[in-house]
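Subject: Structure handover

Hello,

Here is the structure I promised to pass on. Please open it first, then read the notes underneath.

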Amino acid sequence: MTQHSRAPTANRLLAHLSGDELELLRPHMERVPLSHGDRIIEPHVPIKDIYFPLNCLLSMVTTMEDGAIIESGSIGREGMSGAPVMLDASETTMPTFVQIPGEAVRVKASVVKDLYERGGALKKIINRYIHTVIVVGSQSVACNRLHHIEARLTRWLLMSSDGVGSHEVNLTHEYLAVMLGVRRAGVSEAAAKLQERNLIRYNRGNVLILDREALEAAACECYHVVRAEYERLFS
Amino acid sequence: MSDDQGNQPTIFLVEEDDETRPILKGNLKNYGYRVLLALDEEDAQERLGDGVVQADLLLINLVGKTTDEVLQIGRRLRTYAKYDGHTPLVVIAEKYGVELEGKDVKVGDNDWVTYLEDPYQLKNLLRRLTSKTGGE
């Protein structure tokens, strides 16, 4: 680490490592600023670095032949990029890019993989994390199929807030539409409903959660299922 | 041109998207409008019934068409419905860059394209336009 303005343990995976493992990783850690749109993983390109977000949000997306894009998952301070490397996949089909700028800890994928293969706390933590990614993906499929826009927007805002560790989330209107797989009018109208209830304030791409408790109460079961599983494994 | 049921202004909404339609209709009703719905141009023509249906404003959001194409559809519907040129037409744009977000652009005497961003943008534009036509 060249600078220490934000501790690596702001990332919940790194926070769960044993002291010995953290010390083994520390010489290889590099705290890096990430800007909106930075490409972290390109499809079908070997993954060389693992990013542990500290306060930024990464998006994994699926792109269709006609150019349509929808988010497959997001990675915040509760996760890491590059999980395919741990599963001996070395690359993936989905690009990952920076949605909300901030900082992350970057470590060479080979270094993390070596430590993973030793089978200590890091392997256990990463395996649990990969399990939560599967849970999030499965729940998202159900949510996108069965729940209305307002519920999906609510879930997405809560997950993004958890990911960056803040009640304030900066997201472009276009991005919200893409990520939720809805038309832009749908985003505005769903946000209007949440704002009418004083749950959020949305202005020029800035979403401020005004009443977290009430927003959670308004969320569909999908958010709570994922949250409970994460807390079960990481608390 | 408001209806006679409590002086609610009437919006004729053409909304093709199955997900957006119910939430947009619900919000418009909450804002105090009477809402008449059509799914696309053909359905709108059937429902407008050659000048039978009166509305204070035409609001259109269609899938897979350019903003200009949707504007032309709106203008055709206004003519078909025998509305005069004072009945506002609002087209909700779908694809646009950050530079247009939050803007309501006047593209004719009473024709508007709204590039949505903030949640209350559409509410405020409709209020402004329907109050001009005496609807609110």
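The notes below cover the model itself, then the two domains of chain A, then the contact between the chains.

This is a predicted model, in which local features need pLDDT of at least 70, side-chain atom pairs count only at pLDDT 80 or more, and totals for chains, interfaces and linings use all residues. Residues are numbered from 1 along each chain as its sequence is written, chains are lettered from A and ligands numbered from 1 in the order in which they are written, and side-chain values use heavy atoms, with hydrogens and water left out.

Domains in chain A

Chain A splits into domain 1 (8–133) and domain 2 (148–219); the bounds come from an automatic or database domain assignment. Taken over C-alpha atoms, their centres lie 25 Å apart. Domain 1 of chain A puts 14 residues into the contact, and domain 2 of chain A puts in 15 (contact means heavy atoms within 4.5 Å).

Together these two domains bury about 1100 Å², with 60% of it on carbon and sulfur atoms. Buried area is the accessible area (1.4 Å probe) that two parts lose on being put together, summed over both. Three residues stand out on the domain 1 side: A:Glu71, A:Gln99 and A:Ile100 supply 39% of the area that domain 1 buries against domain 2, more than any other three residues.

The rule finds zero salt bridges between the two domains of chain A (a side-chain nitrogen of Lys or Arg within 4 Å of a carboxyl oxygen of Asp or Glu). Three residue pairs are in polar contact there, both residues at pLDDT 80 or more. A polar contact is a pair of N or O atoms within 3.5 Å; within protein, one must be able to donate a hydrogen and the other to accept it, and residues adjacent in sequence count only if both atoms are side-chain atoms.

Chain B against chain A

Chain B gives 24 residues to this contact and chain A gives 23. The buried area is about 2100 Å², and carbon and sulfur atoms give 46% of it.

Four salt bridges cross the interface of chain B and chain A. One pairs A:Arg184 with B:Glu101, their closest N and O atoms 2.7 Å apart. The rule also finds 14 residue pairs in polar contact between these chains, both residues at pLDDT 80 or more.

Best wishes
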